[in-house]
Amino acid sequence: MPEQFHWRGLRVPYITAWSAEAVLQPAVVRVTRRGGKGIGYEDEDPVTDRRHEALWVRSGMARGRGTPDFSRINSLRQKRAMRYDLCQLCGFTVLGIRDDERTLCLMGGDSPIEEGETTTAPPIHPVCAKYSVENCPPLRRAHAAALVDCSRLWGVAGVIFDPVTMQPLPSTGSRPGDLDHVHVGDKAIRWTLANFTVHSLHGVTPVSTDELYAMAQSQPGIPGGELVSAP
Ligand SMILES: [Zn+2]
């Protein structure tokens, strides 16, 4: 069961990266693997370094060791949270708390979450979303929430390399340094150094902050995790 770590009185989200998890990133080289050419590592491990045909950044797993970096996300825990519907704050499952099995999505910024939108944000419990909105400065400034009928694997978020120069291509995102979202069916995925899993959101119903607080009030318990009701 995921343990809840605190830092200076605040709960540290399950997906947040810790300083002890930083590992040396190997050089990216041009390789030919089953399926064609792309980027790879000289000492690539086909099980841990490659998924959905993309090459993945390497990451340690040492949650709670060193200091948390609230601006960074651990690639392995993000992947795990997306795959198993784990709450991005407490790390417990978000399934089984609503009869309709819809899940809650919370994002920074003030644009509403749209139908079909792609995201790297794992789901979140209503009580955990309330805690995050009250305690996480970027979310306190602006956030959007929605209930989602279904969230499907869409692709990866990462940096695309130029097959000729082998240099990272500039991001097409709205801010410099944004990761590109690359679809699993896109040939560019073989030239992408992936950081995170991307899902697409379907059956999206926007949720206001008042509605979010009401949901947190009516669903305080998390299956198997009393930790969450006493932040
Ligand atoms: Zn939670």
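In the predicted model, helices α2 and α4 meet through two sets of residues. From α2 come P126, V127, A129, K130 and V133. From α4 come T209, L212, Y213, M215 and A216. The helix axes lie 7 Å apart and form an angle of about 130°. Angles over 145 degrees would count as roughly antiparallel, and 65 to 115 as roughly perpendicular. The pair α2 and α4 is therefore oblique. Their crossing is left-handed.

Both helices also feed the largest nonpolar core, each with at least two residues. This core holds 51 residues. The other elements that supply at least two residues are β3, β7, α1, β9, β11 and β13. Strand β11 (143-160) gives the largest share, with 10 residues. Within the core, C87, C105, A145 and A146 have the most contacts. Beyond its neighbours within four places in sequence, A146 is in contact with C105 and I113. A146 also contacts the run V204, T205, P206 and V207.

On the scale of the whole protein, the secondary structure comprises four helices and 13 strands. The radius of gyration is 18 Å, close to the 17 Å that the globule rule gives for 231 residues, so the protein is as compact as a globular protein of that length. Along the principal axes, the C-alpha atoms fill a box of roughly 55 × 40 × 30 Å. Buried residues make up 39% of the 231. Among contacts between residues at least 6 apart in sequence, 74% join residues at least 24 apart.

Note on methods. Residues are numbered from 1 along each chain as its sequence is written. This is a predicted model: local features need pLDDT of at least 70, side-chain atom pairs count only at pLDDT 80 or more; totals for chains, interfaces and linings use all residues. The radius of gyration is taken over C-alpha atoms; the globule rule is 2.2 Å times the number of residues to the power 0.38. A residue is buried if 20 or more other C-beta atoms lie within 10 Å of its own, exposed if 12 or fewer, and partly exposed in between; C-beta atoms are placed from the backbone. Two residues are in contact if their C-beta atoms, placed from the backbone, lie within 7 Å. A nonpolar core is a set of buried Ala, Val, Leu, Ile, Met, Phe, Trp, Tyr and Cys residues joined through C-beta atoms within 7 Å. Axes are lines fitted to C-alpha atoms, for helices over the stretch in contact, and angles run from 0 to 180 degrees between N-to-C directions. Angles under 35 degrees count as roughly parallel, over 145 as roughly antiparallel, 65 to 115 as roughly perpendicular and the rest as oblique. A crossing is left-handed if the near helix is turned anticlockwise from the far one by less than a right angle, and right-handed if clockwise.
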